[in-house]
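Dear colleague,

I am passing on to you the structure we spoke of, with the sequence alongside. Please open it first, and then read the notes that follow.

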Amino acid sequence: MTGRVLADDRRVDVALSEQTRVEISRQKERYPSARSAILPALWAVQHELGYLAPAGMEEVARILDLAPSEVQAVATFYSMYFQKPGGRHTVMVCVNVACALRGADDVVAYLERALGCPSGRTTADGMFTWQSTIECLGACGYAPMMQVDHRFYENLTPAKIDAILDRVAGEAGDDGHATMQAVAMPKAPPSVAPPPAEAEGPPSDARMPGTVKGESVPGQKRRRRGRPEGNDL
Amino acid sequence: MAEYKLLTQHIGADGLQTRAGYERLGGYQGLREVFRRFTPEQFIEQVKLSGLRGRGGAGFPTGTKWSFLPKDVFPRYLCCNADESEPACFKDRYLIDENPHQLIEGVLIAAYALQVHHAFIYIRGEYHDQRLLLERCVEEAGGAGYIGRNILGSGFDCEVIVHGGAGAYICGEETALIDSLEGYRGQPRLKPPFPALKGLYGKPTVVNNVETLSNLPHIVLRGGDWFKGIGTERSTGTRVWCVSGHIERPGCYEMENGRPIRELLEEEAGGVWQGRRLKAFQPGGGSMQVLLPEHLDLPLDMDAVMKAGSSLGAGAMMFMDETTCMVNVSMRLVDFYHHESCGKCVPCREGTYFESDLMHRLEAGTCKPEELATLSDICDNMNGKCFCPLGDTATWFVMSAYQAFREEFEAHCGAGGCPVRGGARTAALVGAS
Ligand SMILES: Cc1cc2nc3c(=O)[nH]c(=O)nc-3n(C[C@H](O)[C@H](O)[C@H](O)COP(=O)(O)O)c2cc1C
Ligand code: FES
């Protein structure tokens, strides 16, 4: 398995903020061995820069006291790390069997039309990079599904897809939304990004992955009933 | 047979995802009691007595696995496997989403039994919200004295570290998980030595699934003997089934082991959708062999399903109606293994490539009939010959489907397109024009 290479190969030169460096050092302290912090460190880089820019990986290597090539070797193994910048938001559609049985191929066709570009590409306005994935994302009981940035949307219908895309596009520049990549688009200055645990948390009104606010999920028994208060992350 | 809901009994209760809400329903009593009632060795005996078998796929007896740790070698580590990437499995996510403290309590109980001071929860990168939820719960539990130094005055210390992955199915394999957690590419290690002897950081390590560990608070409170009374003789307790595919009500359903599969399909999941007939189903997850309608009366019992030529694996049940093309389904599963092969061993890396290429041509109707023999040949050269089970399991569904639906495979050869109704579009998107 190789790291995902996005079709869009714009490169932006970037350096890590002090805050991300502090976060990486904090991660290092969490483990009995510093090297174990590679994955969380790479996440911190990607969350800030939108992809694993070489300068970011070098910084990880420096803080964790590893050779840059070692960090790269790890980074390219995992499919969620982006080696190149892409659109402001990332959309992944699961096309594994359980989703296919409930219309995933139609979701793919629908997205291709709605976004105006084929799987693996970025929309002309730089808003979305989307692709279908054969990786089962663990939402098979709520199929078909797609993942937008870090959030799951399930039991998709065309109307729901439209609403999700509209809403997500409207959130551009809102750091409350968990984007996995953020550089390609001009965005609100990232100067005061809160520490990751909060920065990544979706806004509390949209706590439930898989449901657009105000919509219920039909036919679901015993699932995600009443996520209680006090659950804001 | 009495109906038992254990792990999901409180799901839906107000505030269950908070420490206070969980405690209101008896949460963390298991942790309190394990310190009071049992020495670590005694609790391992209880788990052995309970007959609890791993819920991560292989069904290995948990108490036995625990007793493999060498005496007097410290530190030791516990890894909770929340990588859940097997196609058709989503129960671990459900258990974390709905009852995260139950898992954390289970992790702590196992840590005590194994005398582990660092427990890790390795959660797949895609489960981002679930990772944040677990991190918050760990913090909450720490604030209440359930995690950290001298837990509840017992003298036992334990830290729980939630570790997010970054997209790799193979990291669910226990030794690959350990490699990944150490900060390497997640590739499996040669066994032996087994993790019980040399695991994380070269130290004795136990890897257990989310659902396995979530059972522990209940075993502490009610005893191994009670647990053994639920389910069947060799598949004790309940399981949380991930039911998906062409059914009326997909979702997670907890059922006692031993009930017929038909009950899960018809009573819990509402039967096959749109009044159609069942064509086939896959128990256990994407790795396992296909079963037919005639197998619906098999009990949810690991040995019984094994005898029928498949496996209950990680607790999935994916149902396919009469319009489904088995070649298309096989092709997708083969694609999955091709995508996820870690590249370490040749039979898997190359085999999944050839398999996938052939299946795509078969589905497109451009294969020659004699190439079906090539397919069997490729699979023969993989099954049992790969470094880890990923490569072996990449052949199980397709070979079993070829056996059970040979005519359908043959009809694809030279057909110039998929001849089965529904074809590649196995179902229309609801509401799509
Ligand atoms: C390719 C592969 C993927 C696996 N994925 C998972 C997984 O996602 N979750 C899991 O619990 N076990 C998975 N397993 C099984 C683990 O290796 C291990 O047996 C299990 O976590 C042990 O826990 P248990 O004894 O509680 O079942 C996988 C095994 C293989 C070979
Ligand atoms: S098959 Fe799509 S989420 Fe599992």
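**Hairpin and ligand site in chain B**

In chain B, strands E5(B) and E6(B) form a hairpin, with five residues between them. Please keep in mind throughout that this is a predicted model.

The two strands of the hairpin, E5 (residues 238-245) and E6 of chain B, run antiparallel and are joined by six bridges; within this pairing, Trp241(B) has Tyr253(B) of E6(B) as its bridge partner. Strand E6 (residues 251-256) of chain B is mostly covered, six of its six residues being buried. That covering applies to both faces of E6(B), since Gly251(B), Tyr253(B) and Met255(B) are buried on one side, while Cys252(B), Glu254(B) and Glu256(B) are buried on the other.

The other part concerns ligand 1, which is surrounded by 23 residues, the closest being Gly54(B), Gly56(B), Gly172(B), Asn209(B) and Thr212(B). By residue class, the shell around ligand 1 divides into seven nonpolar, 10 polar and six charged residues. Strand E4 (205-209) and helix H17 (389-404) of chain B each supply at least two residues of this shell, and E4(B) gives the most, with three residues.

Where does ligand 1 lie with respect to the domains of chain B? Because domain 1 (19-228) and domain 3 (326-412) of chain B both give residues to the shell around ligand 1, the ligand lies between them.

With best wishes

Technical notes
Residues numbered from 1 in each chain as written. Chains lettered and ligands numbered in written order. Predicted model: local features only at pLDDT ≥ 70, side-chain atom pairs only at ≥ 80, totals over all residues. Buried ≥ 20, exposed ≤ 12 C-beta atoms within 10 Å, placed from the backbone. Helix = DSSP H or I, 4+ residues; strand = E, 2+ residues; numbered from the N terminus. Pairing = 2+ DSSP bridges. Near = placed C-beta within 6 Å. Nonpolar A, V, L, I, M, F, W, Y, C, P; charged D, E, K, R; others polar. Domains from an automatic or database assignment.
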